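Visitor: I'd like to learn how the labels on a structure like this are justified. Could you take me through some of them, one at a time?

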Amino acid sequence: MAHDHEHEHGHPHQPHPFQPDLEETPLTHYQVMTQAVGDLLVEKGVFSADELRAMVEAIDAKSPAAGARMVAHAWADPDFKARMLDDVNKAAEELGIDAGGIPIRAVENTEGVHNVIVCTLCSCYPRLLIGLPPDWYKSRSYRSRTVREPRQVLAEFGTTLPDDVEVRVHDSTADLRYMVLPARPAGTEGWDEAALAGLVTRDCMIGVTLPKGPEA
Amino acid sequence: MSARFDIGETVKVRAAFPPGHVRTPFFVRGKTGRVTAVLGPYRNPEELAYGRPGEPALPLYRVIFETAELWDDYRGAAQDTTVVDIYENWLEAP
């Protein structure tokens with residue numbers, strides 16, 4: 001792996017020139033640290049540069065589509081929904097979706113409870129299931145305001161909830177990831193799963209918006 | 001590892017402010033909530049952050065708080081709630 005590579009080329013720390021992501025912009029402290037950690041892990045043979053690149057590409061290629069497909073299937077099949085609420089990663093396997101090794105929990109919106117996800121300490125997000133997080137999810141403003149004034153934040157996304165609906169904020173600050181299982185919109189009886197999945201957006205699965213039904 | 005607290009039990013988050021890598025948000029420290037799930041054992045992230053083994057693993061809990069109890073000036077509805085994942089070393093009997 002990495003060690004063979006070093007010896008072939010004879011210059012252990014820079015086996016080949018490094019192509020920066022951004023030109024003519026000085027790297028920030030954390031970008032330098034990220035690069036250094038990546039280089040060290042490759043040098044130690046924990047994984048190869050090719051494996052690192054393949055994983056970055058796999059994550060970049062993820063989209064909310066897999067999560068949307070799961071939600072649509074849960075709407076159509078109550079038994080699947082129960083299994084999904086029990087263990088998202090295992091339920092994903094049933095649909096041929098690899099949701100990754102970090103446990104994901106689904107929190108279900110009901111008539112009385114609306115769920116919204118935030119990570120105040122960093123920006124935890126179920127990337128392998130619903131793709132890359134939007135920039136605002138990682139912003140200091142979203143992270144601090146969602147726990148303090150969730151209804152105002154939701155209103156800014158066009159989601160205004162009556163006072164008799166409980167707003168439940170989930171601060172995912174640990175070794176788990178969370179996604180919202182939104183409620184199936186009215187007027188979608190008899191829709192097939194592909195059409196249902198088309199209603200499920202990334203923002204619905206974060207909990208800042210609701211899926212729009214046919215009347216909306 | 002056996003979990004010290006059960007689902008439904010009232011718990012208080014330690015009002016501690018140690019330096020270093022901490023996984024318990026400021027806004028719940030010193031607050032009282034209720035356990036809604038016991039998520040299983042996880043190696044202590046506050047130890048792992050310094051390259052130590054993080055053993056013994058700690059039970060991780062989901063704890064639900066009344067949002068109005070967390071913020072003096074909360075302007076939402078009375079029944080709004082906030083759920084946070086908290087490791088056992090941060091929880092105590094109220």
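**Labels and their reasons**

Guide: Let's start with B:Asp80. Leaving out residues up to four places away in sequence, B:Asp80 touches A:Arg151, A:Val165, A:Glu166 and A:Val167 in chain A, along with B:Phe65, B:Glu66, B:Thr67 and B:Tyr74 in chain B. Please keep in mind that this is a predicted model.

Visitor: What makes these residues count as touching B:Asp80?

Guide: A contact needs heavy atoms within 4.5 Å. The residues listed for B:Asp80 are in contact with it by that rule.

Visitor: Where in chain B is B:Asp80, and why is it called buried?

Guide: B:Asp80 is in the loop between α2 (67-70) and β4 (81-87) of chain B. Its relative accessibility is 0%. Buried means under 20%, so B:Asp80 counts as buried.

Visitor: What makes the approach of the B:Asp80 side chain to B:Ala77 a polar contact?

Guide: The side chain of B:Asp80 reaches the backbone nitrogen of B:Ala77 at 3.1 Å. The cut-off for such a pair of N or O atoms is 3.5 Å, and 3.1 Å is within it, so the pair qualifies.

Visitor: Let me try the next one. Why is A:Thr188 called buried, and which backbone oxygen does its side chain reach?

Guide: A:Thr188 has 0% relative accessibility and therefore counts as buried. Its side chain reaches the backbone oxygen of A:Pro185 at 2.8 Å, again within the 3.5 Å limit. A:Thr188 is placed in the loop between β4 (177-181) and α11 (193-197) of chain A. Not counting residues up to four places away in sequence, it touches A:Leu196, A:Leu199 and A:Pro214.

Visitor: How many disulfides does the structure hold, and why is A:Cys122 in none?

Guide: Over all chains there are zero disulfides. For A:Cys122, the nearest cysteine sulfur is that of A:Cys119, 3.3 Å away. A disulfide requires two cysteine sulfur atoms within 2.5 Å, and 3.3 Å is over that limit, so A:Cys122 is in no disulfide.

Visitor: Are A:Cys122 and A:Cys204 buried or partly exposed, and what makes them so?

Guide: A:Cys122 has 37% relative accessibility and counts as partly exposed, because that label covers values between 20% and 50%. A:Cys204, with a relative accessible area of 1%, is buried.

Visitor: Now the aromatic rings. What makes the pair of A:Tyr137 and A:Tyr142 tilted?

Guide: Eight aromatic pairs are found over all chains. In the pair of A:Tyr137 and A:Tyr142, the ring centres are 5.7 Å apart and the planes are at 35 degrees. The centres are within the 6.5 Å limit for a pair. Planes under 30 degrees apart would be stacked and over 60 edge-to-face, so at 35 degrees this pair is tilted. Both A:Tyr137 and A:Tyr142 are buried. Ring pairs also link them with A:Tyr125, A:Trp136 and A:Phe157 into a cluster.

Visitor: What makes B:Arg14 and B:Arg29 count as lying over ring faces?

Guide: B:Arg14 lies over the face of B:Trp90 at 4.6 Å from the ring centre, and B:Arg29 lies over the face of B:Phe26 at 4.1 Å. The distance limit is 6 Å, and the charge must also be within 35 degrees of the ring normal.

Visitor: Why is B:Val35 buried when B:Ala93 is partly exposed?

Guide: B:Val35 has a relative accessible area of 0%, so it is buried. For B:Ala93 the value is 49%, and exposed would need over 50%, so B:Ala93 is partly exposed. B:Val35 lies in strand β2 (residues 32-42) of chain B, while B:Ala93 is in the segment after β5 (91-92). Beyond its neighbours within four places in sequence, B:Val35 is in contact with residues including B:Phe5, B:Asp6, B:Tyr61 and B:Val63. B:Ala93, with a similar exclusion of residues up to four places away, touches B:Arg4, B:Phe5 and B:Lys12.

Visitor: Which peptide bond is cis, and where is its proline?

Guide: The bond from B:Glu55 to B:Pro56 is cis, with omega near -5 degrees. B:Pro56 is in the loop between α1 (45-48) and β3 (58-66) of chain B.

Technical notes
Residues are numbered from 1 along each chain as its sequence is written. Chains are lettered from A and ligands numbered from 1 in the order in which they are written. This is a predicted model: local features need pLDDT of at least 70, side-chain atom pairs count only at pLDDT 80 or more; totals for chains, interfaces and linings use all residues. Side-chain values use heavy atoms; hydrogens and water are left out. Helices (H or I, at least four residues) and strands (E, at least two) are DSSP runs, numbered from the N terminus. Buried means under 20% relative accessible area, exposed over 50%, partly exposed in between (1.4 Å probe, protein chains only). A polar contact is a pair of N or O atoms within 3.5 Å; within protein, one must be able to donate a hydrogen and the other to accept it, and residues adjacent in sequence count only if both atoms are side-chain atoms. Rings of Phe, Tyr and Trp (its six-membered ring) pair if their centres lie within 6.5 Å; planes under 30 degrees apart count as stacked, over 60 as edge-to-face and the rest as tilted.
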